[in-house]
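Please open the structure in the viewer and keep the sequence at hand. The tour below proceeds by selection, stop by stop.

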Amino acid sequence: MSSILLKNENKIAFITLNRPDVFNSFNREMAFLLQETLDNCANDDNVRAIVLTGSGKAFCAGQDLKEVTDPELNPGFRKILEEHYNPIIQKIRTIEKPVIAAVNGVAAGAGANIALACDIVVAAESASFIQAFSKIGLIPDSAGTFFLPRLIGFQKASALMMLGDKVSATEALQIGMIYKMFSTGIFEEEVASLATTLANMPTKALGLTKRLLNQSLTNNLEQQLALESDLQIEASSSNDYKEGVTAFVEKRKPEFKGN
């Protein structure tokens with residue numbers, strides 16, 4: 001069975017990490033297959049929102065340690081980072097479509113940080129997040145040191161990364177790590193509803209908003225204002241903008257096409 005499952009439905013691509021016997025931890029094959037799947041979703045005009053989730057009880061436990069402890073399988077940490085995780089993070093951030101992390105269970109190590117790199121993170125009530133790296137003498141990777149302090153603050157991020165505390169979905173919601181939490185019984189239904197809402201929105205504008213958010217992490221105020229001006233002009237030339245204004249004037253629900 002494939003380590004990555006893809007289901008396209010109602011303009012939504014549901015990507016499922018599918019190694020449940022090892023809590024969906026990454027090996028080399030799965031990392032490359034996820035990259036390929038993200039590329040395909042980025043290039044598919046019929047996909048207007050992406051959901052990333054896990055099969056079984058976990059979202060993703062990070063790196064499969066059996067791979068790095070087997071001399072015949074271990075690609076080495078440089079390849080793991082530069083060929084596996086770094087490209088995954090970059091693809092998630094540069095796809096100009098909304099990417100939802102639907103954290104159905106434990107998200108640990110690189111698994112937690114891949115989730116936090118997504119545009120919107122929602123979690124089942126039973127889910128948890130853990131920066132597990134310090135437990136085995138490693139440092140956080142997969143852009144964890146970039147995104148987590150920006151989400152919850154420097155001090156809290158520092159403590160979680162050094163101590164490796166498990167964060168429940170309830171606490172993750174309270175500290176601003178995630179957008180929403182849903183009870184396990186309605187989790188999949190709520191995720192599908194959120195993804196459907198996004199897929200029916202003006203995808204062009206959402207993509208440009210994502211580009212602005214990415215640049216806001218390094219731009220100064222003057223640079224950000226200039227970029228807002230440029231991208232607002234681009235957004236205003238879209239068909240979705242024309243449809244949105246027309247629908248507002250005509251007092252009807254807009255029918256966005258994503259262009």
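Begin at the surface: select L65, F77, I136 and L138, which make a nonpolar patch of about 360 Å². Patches of this kind consist of residues with over 30% relative accessible area and no salt bridge, nonpolar side chains (Val, Leu, Ile, Met, Phe, Trp, Tyr) being joined within 5 Å and like charges within 9 Å. A salt bridge is a side-chain nitrogen of Lys or Arg within 4 Å of a carboxyl oxygen of Asp or Glu, and accessible areas come from the Shrake-Rupley method with a 1.4 Å probe, for residues with only the protein chains shown as cover.

The model is predicted, so local features need pLDDT of at least 70 and side-chain atom pairs count only at pLDDT 80 or more, while totals for chains, interfaces and linings use all residues. Residues are numbered from 1 along each chain as its sequence is written, and side-chain values use heavy atoms, with hydrogens and water left out.

Remain with L138, which lies in the loop between β8 (128–130) and α5 (144–152). Helices (H or I, at least four residues) and strands (E, at least two) are DSSP runs, numbered from the N terminus. L138 is partly exposed, with a relative accessible area of 34%; buried means under 20%, exposed over 50%, and partly exposed in between (1.4 Å probe, protein chains only).

Next, select the sheet. Six strands form an open sheet of mixed pairing, in the order β1-β2-β3-β5-β7-β10. Its edge strands, β1 (4–9) and β10 (180–182), each pair on one side only. Two strands pair if DSSP finds at least two bridges between them. Within the sheet, choose β3 (residues 49–54) and β5 (residues 99–103), which pair in the parallel sense over three bridges. Which residue of β5 is the bridge partner of I50? The partner is V99.

Finally, turn to the aromatic rings, where there are two pairs. Rings of Phe, Tyr and Trp (its six-membered ring) pair if their centres lie within 6.5 Å; planes under 30 degrees apart count as stacked, over 60 as edge-to-face and the rest as tilted. Select F26 and Y85: their centres are 5.6 Å apart and their planes at 85°, so this pair is edge-to-face. F26 lies in the loop between β2 (12–17) and α1 (28–43) and Y85 in helix α3 (residues 77–94), so the pair ties together parts that are 59 residues apart in sequence. F26 is buried at 1% relative accessibility, and Y85 is buried at 1%.
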